[in-house]
Amino acid sequence: MPQQRPPAATPVLSVIGTGYLGATHAACMAELGFTVIGVDVDPDKVASLSAGVVPFFEPDLDDLLKRNIDAGRLSFTTSFAEAGEAADVHFICVGTPQQPGAYAADMSQVFGSISALAPHVSSTDVIVGKSTVPVGTADEIVDQLKNTAASGVDVVWNPEFLREGFAVQDTLKPDRLVVGLASERAEQVMRSVYAPLIADGVPFLVTDFPTAELVKVAANSFLATKISFINAMAEVCEAAGADVTMLATAIGYDPRIGNRFLSAGLGFGGGCLPKDIRAFMARAGELGAEEALTFLREVDQINLRRREHTVDLARKTLGGDLRGKVVTMLGATFKPDSDDVRDSPALDVAVAIYNAGAHVRVHDPKGLPNAERVYPHMDYRSDLDDAATGSDLLILGTEWREYRDLDPASLIDKVRNAVIIDGRNVLDPHLWRSAGWTYRALGRPTA
């Protein structure tokens, strides 16, 4: 059993898992002045991070990583023993992906990390979960630790609220901190860990375990519902000849509703919202509360229908048949300012159009390498003009700034047919139509 250590005035932190969440959390906590050790079972990832290279794209994270490695505050290892014996507070930041063929979350990385860490921690340490997990996980971890050297270690649940593209900002200047815990000592430790943020006025909410575990999935479910609501309105607008963008603007003035997440289009994707609402439904069923979340099934279905509808709109726009047509997808990532293509609506539509017989070219400022690893059969173009040349149809699938700023007049001579589907409702229809384009969008009149 590791030697017991007295509580540290300034704790040393370990971060277990150095993917998107873990690497960001480790670098940001080091930026706040803590000594941080990142742990991962992937030696290549550890080597990359140790060299100051982030293996994914996230604005500002590269500079933060290098600065704190150079300052000696941040290091990475594959050794749970090294991290467990050196650190006082251990953040669990591993993935909880959707189980294959099921809605429930795969918790193997969470419980595996606890098993690997437990033999190396002191009874004065604190284990802090940040991964998005089914409610009840913290209690399961407490039970898991009872017959180990870590018996009696305080467990805390501290959900993350990161937005890809804004993860550094969301960590260093969060809108709230939530900690689910069961002891006064654990609260004192968490207040010391987040003291710089609390001093800046960030709200610090102390809850029980299940409330803290529910906060992230409840927030994501609400946001997903709001997005799917406006996309359901887009379906009605298309049937009625109304304009969903004006509808969203009008209802968004109501302060009870607000205008954020009221943008109709291809819908949500990524590694969080889709799998989180599905895991939430699965866990509610296990708890006997499945009827409370049946609406989330329709939220999910509305979201997926938008992708199918975009393929249908592409087919209709090109005369009813996609075979032999050249279609250029502008965007591969699920959102701008990211290289993440997990459950990307844009890429999903591109694949469906490819399967319908079209020649599909895909352009994206950051996501092409990841997209090509998943779907190597499509035509990936790093130059936008090259991607558009000779195309019968452009589809804006991800609202990158460079697509929003496109000059339709300069692009019209490159394409074979000047037709564009604005899958995110971010382009100016008048500007594109006046330049000679046929402009189509989701939930908006054809002219």
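Trainee: Where does Gly33 sit relative to α1, and what phi does Gly33 take?

Mentor: Gly33 comes just after α1, and its phi is positive, about 110 degrees. Keep in mind that this is a predicted model.

Trainee: How do you know what span to expect for α1?

Mentor: α1 has 12 residues, and at 1.5 Å a residue the expected span is 16 Å. From first C-alpha to last, α1 reaches 17 Å, which is close to that value.

Trainee: What makes α1 largely enclosed by the rest of the structure?

Mentor: The reason is the count: 11 of the 12 residues of α1 are buried, so the helix is largely enclosed. Among the buried ones are Tyr20, Leu21, His25, Cys28 and Met29.

Trainee: Let's turn to the aromatic rings. Why is the pair of Tyr20 and Phe56 called tilted?

Mentor: Start with the count, which comes to two aromatic pairs. In this one the ring centres are 5.5 Å apart, and a pair needs centres within 6.5 Å, so Tyr20 and Phe56 qualify. Their planes stand at 50 degrees; stacked would need under 30 and edge-to-face over 60, so the pair is tilted.

Trainee: What makes this pair a link between distant parts of the chain?

Mentor: Tyr20 belongs to helix α1 (residues 20-31), while Phe56 is in the loop between α2 (43-50) and α3 (61-70), and the two are 36 residues apart. Both Tyr20 and Phe56 are buried.

Trainee: And why is the pair of Trp432 and Trp437 called edge-to-face?

Mentor: Their ring centres are 5.0 Å apart and the planes meet at 75 degrees, over the 60 that edge-to-face requires, so the name fits.

Trainee: Why do Trp432 and Trp437 count as buried?

Mentor: Buried means under 20% relative accessible area. Trp432 has 1% relative accessibility, so Trp432 counts as buried. Trp437 has 4%, so Trp437 counts as buried too.

Trainee: How do you know that a charge sits over the ring of Phe166?

Mentor: The cut-off for distance is within 6 Å of the ring centre, and the charge must also be within 35 degrees of the ring normal. The charged end of Arg163 sits over the Phe166 ring, 4.5 Å from its centre. Another case is Arg176, which lies over the face of Phe161 at 3.6 Å from the ring centre.

Trainee: Now the empty space. What makes the lining of the largest cavity, and how is it divided by class?

Mentor: One cavity of 30 Å³ or more turns up in a search of the whole structure, and the largest cavity has a volume of about 90 Å³. Its lining includes Ala105, Val133, Leu214, Lys275, Asp276 and Arg283. The elements giving two or more residues to this lining are α10 (209-240) and α12 (273-286), and α12 gives the most, with five. By class, the lining has eight nonpolar, one polar and three charged residues.

Trainee: Which element gives the most to the lining of the second largest pocket?

Mentor: That is α10, with four residues. The pocket holds about 180 Å³ of space, and Phe222, Lys226, Phe229 and Arg260 are among the residues lining it. Its lining divides into five nonpolar, two polar and three charged residues.

Trainee: One last residue: why does Leu181 count as buried?

Mentor: Leu181 has 12% relative accessibility, and the cut-off is under 20%, so Leu181 counts as buried. Leu181 is placed in the loop between β7 (177-180) and α8 (184-193).

Definitions and conventions. Residues numbered from 1 in each chain as written. Predicted model: local features only at pLDDT ≥ 70, side-chain atom pairs only at ≥ 80, totals over all residues. Heavy atoms only, no water. Phe/Tyr/Trp six-rings, centres within 6.5 Å; stacked < 30°, edge-to-face > 60°. Buried < 20%, exposed > 50% of the residue type's maximum accessible area, 1.4 Å probe, protein only. Expected span 1.5 Å × (residues − 1). 1 Å grid on protein atoms, 1.4 Å probe; cavity = no way out; pocket = protein on both sides within 12 Å on 5 of 7 lines; lining within 4 Å. Points joined across faces, edges and corners; volume = space filled by probe spheres on them. Nonpolar A, V, L, I, M, F, W, Y, C, P; charged D, E, K, R; others polar.
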